[in-house]
Amino acid sequence: MQKEIHPEYHTITVQMTDGTTFETRSTWGKEGDVMKLDIDPKSHPAWTGVHRLLDSGGQLAKFNKRFSGFGIK
């Protein structure tokens with residue numbers, strides 16, 4: 001392995017959406033940093049089967065307002 005070309009590999013803590021945590025090794029951040037997840041297997045529709053819409057920055061509200069007239073009547 002060549003010296004000085006690989007990123008530092010260290011331990012971080014990952015915090016899930018429900019508040020549970022686990023430790024893993026990663027090149028992200030610094031030693032001891034906490035990575036807080038917005039979406040994880042406990043909340044993502046692909047794993048839960050429950051569909052919920054996340055409105056980030058009002059984009060969903062803007063879309064609904066713009067296309068509210070369209071629909072099956």
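Colleague: Which residue offers the backbone oxygen that the side chain of histidine 10 reaches?
Modeller: This is a predicted model, with residues numbered from 1 along each chain as its sequence is written. Local features need pLDDT of at least 70 and side-chain atom pairs 80 or more, totals for chains, interfaces and linings use all residues, and side-chain values use heavy atoms, without hydrogens and water. The polar contact (N or O atoms within 3.5 Å, one able to donate a hydrogen and the other to accept it; sequence neighbours count only through two side-chain atoms) spans 2.9 Å, and the backbone oxygen belongs to tryptophan 28.

Colleague: Is histidine 10 buried or exposed?
Modeller: Histidine 10 lies in strand 1, residues 10-15 (strands are DSSP runs of E, at least two residues; helices are H or I, at least four). Leaving out residues up to four places away in sequence, histidine 10 touches Thr24, Arg25 and Lys30, among others (heavy atoms within 4.5 Å). Its relative accessibility is 2% (under 20% is buried, over 50% exposed, partly exposed in between; 1.4 Å probe, protein chains only), so histidine 10 counts as buried.

Colleague: Aspartate 40 has no salt bridge, so how far away is the nearest side chain of opposite charge?
Modeller: Aspartate 40 sits in the loop between strand 3 (34-36) and helix 1 (45-48), and is buried. Its side chain reaches the backbone nitrogen of threonine 17 at 2.9 Å, and a polar atom of that side chain lies 3.0 Å from the backbone nitrogen of lysine 42. As for opposite charge (Lys and Arg positive, Asp and Glu negative; His and chain ends not counted), the nearest such side chain is lysine 42, at 6.2 Å.

Colleague: Which residue forms a salt bridge with lysine 42?
Modeller: The structure holds one salt bridge (a Lys or Arg side-chain nitrogen within 4 Å of an Asp or Glu carboxyl oxygen). The closest N and O atoms are 3.2 Å apart, and the partner of lysine 42 is aspartate 18.

Colleague: How many residues apart in sequence are the parts that this pair ties together?
Modeller: Lysine 42, at 46% relative accessibility, is partly exposed, and aspartate 18 is partly exposed at 47%. Lysine 42 is in the loop between strand 3 and helix 1, and aspartate 18 in the loop between strand 1 and strand 2 (21-26), so the parts tied together are apart in sequence by 24 residues.

Colleague: What is the phi of glutamate 4?
Modeller: Glutamate 4 lies in the segment before strand 1, and counts as exposed at 80% relative accessibility. Although glutamate 4 is not a glycine, its phi is positive, at about 65 degrees.
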